[in-house]
Amino acid sequence: MKPRVAVFKFASCDGCQLQFLNAEDELLRLAGQVDLVYFPEARSRSLPGPYDIAFVEGSITTPDDARRIIRVREESRYLVTIGACATAGGIQALRNWADVEQYRRVVYPSPEFISTLSTSTPISEHVRVDFEVWGCPIDKGQLLAVTRSLLSGAKPVLPAYSVCMECKRRGNVCVVVARGEPCLGPVTRTGCGALCPALNRGCYGCFGPANDENMESFVKLLAQQGVTGDDAVRRLRGINGYVRLWRETADAIAAQKK
Amino acid sequence: MTEPMYMPKAALENLIALLRGDGYKVLGPVSRDAGVAFEEVRAVSDLAAGVRDSQEAGRYRLEPGVPGEIFGVVNGAGSLKPFFFAPDENLIEVRREGKSFKSSEVIPPPRRLAFVGVRACDLAAVAVQDRIFLHDRFRDTHYETRRKDVFMVAVNCTRSAPTCFCASMKTGPEATAGFDLSLTEMDECFVAKSGSSAGEAMLERLGLRTASAGEAEQARTLTDRCAAGMRRQLDTSDLPRLLYEQADSPRWKEVASRCLSCTNCTMVCPTCFCHAVVDQQEIDGNMSRRVRQWDSCFSLEHAHIHGINFRPRIEDRYRQWLTHKLASWIDQFGTSGCVGCGRCITWCPVGIDLTQEVAAIRASAIK
Ligand code: SF4
Ligand code: SF4
Ligand code: SF4
Ligand code: SF4
């Protein structure tokens, strides 16, 4: 029997699961390897668990979802989070620093229908996660590599070093050194192929923290480039702002200002 | 080496044309994205002429240079390294065949490369990498194939960047080996020398006359002055022993407080050769590529072996890098791993400078 694969969605934009569909050629070959039994974005047939591999996109932002993820975990042999939302809480984790109650009253005409949590949290805060794929959105190649490893019964491995390494392999001219532009590359995990620096823009940190980083020195570098206070906080609290190291760094800068 | 020849600036156009006619892809310093890189040049007008670089620790800018000056840029982040030791290359392909498998080596296609405008330090760096990849019986087929058919046109430095310290490392600013032709650029002309029989033949085809004693003298003065005026220095006296003895120097912790462990220094270094070998499988599991990628001793994974990381802290890794580069490299390969090009200083986002680190370690050792 082919492995049963499911793709679940929580609070997210669908961009990560779309990487399956973007895989085009590989998708057909993947479809030959697995039984995609639950993937509402791609097909109407949805079968109940158990699942061999569950890919989970999105963060937990409602009481319903907090219950649903526990069921997904129970039904799945491997649970793999895909993307910044599922892995780090996503950009919607900005609510973790805001007054959600007030938003609810101001934004929605009938706030009584909105049932929401005051936070957006990563899947790993709710259930055990077997493997995390970072990125906003995730990289198609990384997604396929992780899938292939699981199908082969091998432990998935993705590089966790800085974007700078990939940036230099690619022959980009460093925007920090040659333009004085702020760039999150030195502290960000590789995976995108150093896309933004290749287009002469600083890295936004889509793939979250690299496995080893020196935030103290990095914050000093930002300050030298004139990026301080709110500006520095905003850059760190972007797509992966709720992940511990970046959260603590940004919180410390915010506290200093007060 | 022949006697110095007088080469009018216009003859550079002929040189490029002749090399192209011989089937070489000609590469030289070309302006790109606020920097320069070795890229294809079809004519002199493709070169980053009339521009100069301004460099300091952690900062690089291109600025208007001297009109008529062709090789005004001292260097950019890219050396010749990626052309011979590729940043990302397929080594073998393994295919499933029934219950067995078949593997085949992927050899890069043959090509002829001619480099125009190579600095002495970069030639020295190629010689260092040759020792690593083409040593005795241990010959790297991929490196060897890429390195084979190369024509080198060196340009002697008459101006150094403030980050250069080749005079300390005895690798420049004048090219002494590893080139087919060397040029010294002056206001109105070049003084050209050959360094090989291929270079010799090329000089003949260019139909140049012998340089006058005055012209040759002037060229020599320019490179001598460049050497004498070099601002950065690295005191190499007894350096291996100093670094081995200072394995517990407090300076390692201090530099680690600034180092981002971002790997930029090792990526731009023309001699650093660390790499990782990774397997990339096709999704159907029927084919797998074994790929070699540039890696760095600054990356955490690099020292992760059999479940244990033996260089977990940034200070461990900075110490590893500097000690290997300047000390154990000599034990291993009979040459220093540093040619003094200054790239690691310029392209470090936080401007860490190995010459300063060595000086600090030396100073604290004496106390
Ligand atoms: S541009 Fe950014 S990612 Fe690239 S080397 Fe510079 S700091 Fe690193
Ligand atoms: S280190 Fe020396 S040879 Fe290299 S670019 Fe600088 S001056 Fe020229
Ligand atoms: S260690 Fe630095 S100065 Fe020495 S060769 Fe490497 S990049 Fe150039
Ligand atoms: S010395 Fe500079 S370039 Fe090298 S890893 Fe440290 S911060 Fe990065």
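Me: What is the mean pLDDT of chain B, and what share of its residues reach 70 or more?

Reply: The idea first: pLDDT is the predictor's confidence in each residue, from 0 to 100. Chain B has a mean pLDDT of 95, and 99% of its residues reach 70 or more. The model as a whole scores ipTM 0.95 and pTM 0.95. Where pLDDT is low, the predicted coordinates should not be read in detail.

Me: Any ground rules for reading along?

Reply: Just two. Residues are numbered from 1 along each chain as its sequence is written, while chains are lettered from A and ligands numbered from 1 in the order in which they are written. This is a predicted model, so to speak of local features needs pLDDT of at least 70, side-chain atom pairs count only at pLDDT 80 or more, and totals for chains, interfaces and linings use all residues; side-chain values use heavy atoms, with hydrogens and water left out.

Me: Let's try a helix. Why does the span of helix H3 of chain B agree with its 14 residues?

Reply: Helices (H or I, at least four residues) and strands (E, at least two) are DSSP runs, numbered from the N terminus. The expected span of a helix is 1.5 Å times one less than its number of residues. Helix H3 of chain B covers residues 120–133, so it should span 20 Å, and its end C-alpha atoms are indeed 20 Å apart.

Me: Is H3(B) mostly covered or mostly open?

Reply: Mostly covered: twelve of its 14 residues are buried (buried means under 20% relative accessible area, exposed over 50%, partly exposed in between, with a 1.4 Å probe and protein chains only). Among the buried residues are B:Ala120, B:Cys121, B:Asp122 and B:Phe133.

Me: Which residues are around ligand 2?

Reply: A residue is near a molecule if one of its heavy atoms lies within 4 Å of it. Around ligand 2, you will find B:Ala120 and B:Cys121 again, and the others include B:Arg119, B:Cys157, B:Cys164, B:Cys166 and B:Cys341. To sort such a shell, Ala, Val, Leu, Ile, Met, Phe, Trp, Tyr, Cys and Pro count as nonpolar, Asp, Glu, Lys and Arg as charged, and the others, Gly among them, as polar. For ligand 2 this gives nine nonpolar, two polar and one charged.

Me: How many residues surround ligand 3, and which are the closest?

Reply: There are 13, and the closest are B:Cys269, B:Cys338, B:Cys341, B:Gly342 and B:Cys344. Two elements of chain B each give two or more residues to this shell: helix H11 (314–333) and helix H12 (343–346). The shell of ligand 3 divides into nine nonpolar, two polar and two charged.

Me: How does the shell around ligand 4 divide?

Reply: Into nine nonpolar, three polar and no charged residues. Among its members are B:Cys259, B:Cys262, B:Cys265, B:Phe298 and B:Cys348.

Me: Now single residues. Is B:Leu12 buried or exposed?

Reply: B:Leu12, found in helix H1 (residues 11–21) of chain B, has a relative accessible area of 0%, so it is buried. A residue can also have a partner from elsewhere along the chain: the C-alpha atoms of B:Leu12 and B:Ala43 are 31 residues apart in sequence and separated by 8.8 Å.

Me: And which residue pairs with B:Ser31 in that way?

Reply: B:Ala48, which is 17 residues away in sequence and 5.2 Å away in space, C-alpha to C-alpha. B:Ser31 lies in strand E2 (residues 25–32) of chain B and is partly exposed, with a relative accessible area of 40%.

Me: Where are the backbone oddities? Which residue follows A:Gly49 across a cis peptide bond?

Reply: That is A:Pro50, with omega about 0 degrees; A:Pro50 sits in the loop between strand E2 (35–38) and strand E3 (51–57) of chain A. The bond from A:Cys136 to A:Pro137 is cis too, with omega near -5 degrees.

Me: What is the phi of A:Ala194?

Reply: About 55 degrees, a positive value although A:Ala194 is not a glycine. A:Ala194 is buried, at 0% relative accessible area. B:Asp238 also has a positive phi, near 55 degrees, and is partly exposed at 45%.
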